[in-house]
Amino acid sequence: MTNEAGRGTVLWDLDARGVATVTLNRPQVNNAYNGDMIAGLHEAMDVLGAKPALRVVVIRGNGRHFQAGADLEWIAGVGRAGPAENERASRATAGAVRRLDTLPVPTVALVHGGCFGGGTGIVAACDIVVAADNAIFAITEARWGLMAGIILPQLCRAMGVRNVRRYALSCERFGAEEALRIGFAHEVCKADQLDATGARIVDALLMNAPGATMATKLRTLRVADAFLDDGLFRDLVHEHAVTRQSAEAAEGTASFLEKRAPSWYPGKA
């Protein structure tokens, strides 16, 4: 049985083994996230988290790309709203990544095509990441006058501070092999082998005792001080909301929508 949430922007199913597949489903915009998709992720975790049979969660994207970051038309609209609406949107977005990060079952991301901005946060929050050889990654927020604060804790743990300092500042794209080299991906495979590679990893997870697996994951997060405390979470949410309302964010999103360079780019000498 397949369930739909977020007006169909997130799909999920739970099979007889206890393996849930959560599918990002806005292929017409490369699975860019908006308020509906964020609500859909929360609903998927609410429903699946209440299932005692849940053993593993697999996350993937429909269409040509895994997830292209934020829908900048939606971002621009939220940015023009008041502070309360911006705070609410940032809290919901940050909360979805935080919940995914601490789900008490193993999570596996199967990444193909583009994985940008918030998509890298989803990947960083997963326990195991398999990248197709056509996967392209980029932490793009600063390019649009935004900032990746709400996913920086997960990114720093997943790829290390040194690599975040390069890729979140330059917004450069990097491929699957570079993601593997820096530890952001655990395995790279041919694009047509993504399902089979994911299935092999899921089968390995199912061989392990559910209680011991859950305890191992949660203890690993604790000993690594990887649980995000409430005070830092509030600070990240507030900063994220304020940045979205800035003049830079307005100009950055406008430059994307108008397909032009932003005003701060000096051009080539």
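# Exercises on a predicted model

In this predicted model, Cys-171 lies in the loop that connects helix H6 (161–170) with S9.

**Exercise 1.** Determine whether Cys-171 is buried or exposed.

*Solution.* Step 1: The relative accessibility of Cys-171 is 16%. Step 2: A residue counts as buried under 20% relative accessible area. Step 3: Cys-171 is therefore buried. The backbone of Cys-171 also has a positive phi of about 60°, although Cys-171 is not a glycine.

**Exercise 2.** Locate Asn-31 and state whether Asn-31 is buried or exposed.

*Solution.* Step 1: Asn-31 belongs to the loop between strand S3 (19–24) and helix H1 (35–49). Step 2: With a relative accessible area of 0%, Asn-31 is buried. Step 3: Asn-31 is not a glycine, yet has a positive phi of about 60°.

**Exercise 3.** Identify the edge strands in the sheet with the order S6-S8-S9.

*Solution.* Step 1: The sheet is open, has 3 strands and shows mixed pairing. Step 2: Strand S6 (114–116) and strand S9 (174–175) each have a single partner strand, so they stand at the edges, and one side of each has no neighbour in the sheet. Step 3: S6 and strand S8 (residues 136–138) run parallel and are joined by 3 bridges. Cys-115 has Phe-137 in S8 as its bridge partner.

**Exercise 4.** Describe the lining of the second largest pocket, whose volume is about 430 Å³.

*Solution.* Step 1: The pocket is lined by 23 residues, and among those closest to its centre are Cys-126 and Asp-127. Step 2: The lining comprises 13 nonpolar, 6 polar and 4 charged residues. Step 3: H9 supplies the largest share, 5 residues.

Terms used. Residues numbered from 1 in each chain as written. Predicted model: local features only at pLDDT ≥ 70, side-chain atom pairs only at ≥ 80, totals over all residues. Heavy atoms only, no water. 1 Å grid on protein atoms, 1.4 Å probe; cavity = no way out; pocket = protein on both sides within 12 Å on 5 of 7 lines; lining within 4 Å. Helix = DSSP H or I, 4+ residues; strand = E, 2+ residues; numbered from the N terminus. Nonpolar A, V, L, I, M, F, W, Y, C, P; charged D, E, K, R; others polar. Pairing = 2+ DSSP bridges. Buried < 20%, exposed > 50% of the residue type's maximum accessible area, 1.4 Å probe, protein only.
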